[in-house]
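Q: Hi! Could you walk me through this one while I have it open on my screen?

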Amino acid sequence: MFTPALLDTVRARFAHVEACPFSGPRVFFENAGGALTLKSVVETSALYAAIPDNQGRDNPASKALMAAIDKAKADMRLFFNAFSGQVFVGESGTEVLFRLVRTAALGAAPGGILLSTTLEHPASRSAMARWAEVTGRAHVLVPHEDATGCVEAAAYARYITPDVRVATLVHTSPVTGMTVDAGAIAAAIRKVSPDCFIIVDGIQHASHGAVDIAALGIDGYAISPYKVFSRHGYGVGWASDRLTACTKETVIGGPATSWEMGTRDTGSYATFSDVVTYFDWLGSHFTKSDDRRARLEAAAQAIHGHEHMLAEAMVNGTGNLRGLKDIPGLHIIGGADNARREGVVSVWLEGITSEEVVSFLNGRGIRTHTRKADHYSGNVLAPMGLKDCIRISFSHYNSPAEVGQFLTAIDEFTSAR
């Protein structure tokens, strides 16, 4: 758990922590929609946006750009704990997932099936559906559990056959907030179909827990840096050597291992280095190790612990404020006591639309979000008979006092009704 002094120091490193530039003071509990941005990322973005020189030229500015890219790729490998395969920057996390899935589906042995789960975000599910259709394969969906908001390796095991060619899974659901045991699922798949390409959507997970590709035994991983304290406009991916060896879109005569097309924004790379530097700094408060990876893991563990404390206070109450589980007519998706919860508490109120609650909270200076049973969240909400839910999503820079403000506001709303 963070000390008050460290939490203040953490909050000082982010832009717009306490106030929105358009609406004024507010508590930011909409982190699953996009986290707050590091001030260093804002500064780095401005620096690189103003540089006119291109990469690969014989001048000092161009060489500095190439050095920034090389450093960022090393930082990406450190963040992923992936020292084989390729790291690359794409248009967005969604685009990276589509590219990974497309390459795997076209590079896998003919026939067989593509395997996903109903818990996944449409980014990976849509890519799998598209390339199952194009390649003439069946797209099989493993059902998740409504009660837990999660999917277990045992559920996958019932659908795994030797002819699974490509499998996808979501590391953490952006709707339920539940993390999935990606390593156990990957191991279950490998046991039956060792040549299967396994691709993980880590977009929601990356800001809440350590990413350890070396321990997962997978072939692809994608994140969206704007959800990991960077900015919009790019995605970061990792692909195994085996997946990289598959035929993919490249410039004729270009490097066979390259996943990138055209000139990428150097600022994208440099701002991801800012993110890794921040994790390194934070981790130094929780370990004396000189190893940067150890400090990143220490930061992730500390973040997880702080966010768990926030979730417990939100669900069970704090001080004299009742928690969400004690509000009549309020239901918590995944249950009140769920060890897999990671940065999100999604709820719904009987007889009240989620938009009404979110609007009320906005009026009290608390930013949350309505998830509707649409193409983004219907796969989770519709089976529960829900049209919508209220997603309260927090990050490690949020404070216990902000949880108290939220609980006071939601109590005011429900008591009035």
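Q: How many cavities of 30 Å³ or more are there?
A: The count comes to three cavities of that volume or more. Keep in mind that this is a predicted model.

Q: What's the volume of the largest cavity?
A: The largest cavity has about 100 Å³.

Q: And which residues line the largest cavity?
A: Its lining consists of F79, A206, S207, H208, G209, A210, V211, F279, R293, L296, A300 and I303. By class, that is eight nonpolar, three polar and one charged.

Q: Which element gives the largest share of that lining?
A: Helix 11 does, with four residues.

Q: OK, how about the second largest cavity, what lines that?
A: You'll find N31, A32, A35, I203, Q204, S207, H208, K227, F394 and S395 around the second largest cavity. About 50 Å³ of space lies in there, and the lining has four nonpolar, five polar and one charged residues.

Q: Back to helix 11 for a second. How do helix 10 and helix 11 cross?
A: Helix 10 covers residues 266-283 and helix 11 covers residues 292-316; their axes come within 7 Å and cross at roughly 75°. The two helices are therefore roughly perpendicular to each other.

Q: Which residues meet there?
A: From helix 10 it's V276, T277, F279, D280, L282 and G283, and they meet R292, R295, L296, A298, A299 and I303 in helix 11. The residues of this contact divide into seven nonpolar, two polar and three charged.

Q: Then what about helix 1 and helix 10, at what angle do their axes cross?
A: The axes of helix 1 (residues 4-12) and helix 10 cross at roughly 170° and come within 12 Å. That makes helix 1 roughly antiparallel to helix 10. In this contact, L6, T9 and V10 of helix 1 meet Y278, W281 and L282 of helix 10. The classes here are five nonpolar, one polar and no charged residues.

Q: Switching to pockets: what volume does the largest pocket have?
A: The largest pocket has about 460 Å³. It is lined by 26 residues, and T94, H121, Y226, K227 and Y376 are the closest to its centre.

Q: Which helices each supply at least two residues of that lining?
A: Helix 4 (93-107) and helix 5 (122-135) each do. As for chemistry, the lining of the largest pocket divides into 10 nonpolar, 11 polar and five charged residues.

Q: And which residues lie nearest the centre of the second largest pocket?
A: Those are Q55, S258, E260, G262 and T263, out of 20 lining residues. This pocket has a volume of about 380 Å³. Helix 3 (residues 60-80) brings the largest share of the lining, four residues. By class, the second largest pocket is lined by seven nonpolar, eight polar and five charged residues.

Q: Last topic, the sheet. In what order do the seven strands come?
A: The order is 4-10-9-8-7-5-6, in an open sheet with mixed pairing. Strand 4 (86-90) and strand 6 (138-142) stand at the edges with a single partner strand each, so one side of each has no neighbour in the sheet. On average, neighbouring strands are turned by 20° against each other, direction ignored.

Q: In what sense do strand 9 and strand 10 pair, parallel or antiparallel?
A: Antiparallel: strand 9 (residues 220-223) and strand 10 (residues 235-239) pair over four bridges. For instance, I223 has V236 in strand 10 as its bridge partner.

Notes: Residues are numbered from 1 along each chain as its sequence is written. This is a predicted model: local features need pLDDT of at least 70, side-chain atom pairs count only at pLDDT 80 or more; totals for chains, interfaces and linings use all residues. Side-chain values use heavy atoms; hydrogens and water are left out. Axes are lines fitted to C-alpha atoms, for helices over the stretch in contact, and angles run from 0 to 180 degrees between N-to-C directions. Angles under 35 degrees count as roughly parallel, over 145 as roughly antiparallel, 65 to 115 as roughly perpendicular and the rest as oblique. Contact means heavy atoms within 4.5 Å. Ala, Val, Leu, Ile, Met, Phe, Trp, Tyr, Cys and Pro count as nonpolar, Asp, Glu, Lys and Arg as charged, and the others, Gly among them, as polar. Two strands pair if DSSP finds at least two bridges between them. On a 1 Å grid over the protein atoms alone, a cavity is a set of points where a 1.4 Å probe fits but cannot get out, and a pocket is an open set with protein on both sides within 12 Å along at least five of seven lines; lining residues have an atom within 4 Å of a point. Grid points are joined across faces, edges and corners, and a volume is the space filled by probe spheres set on the points.
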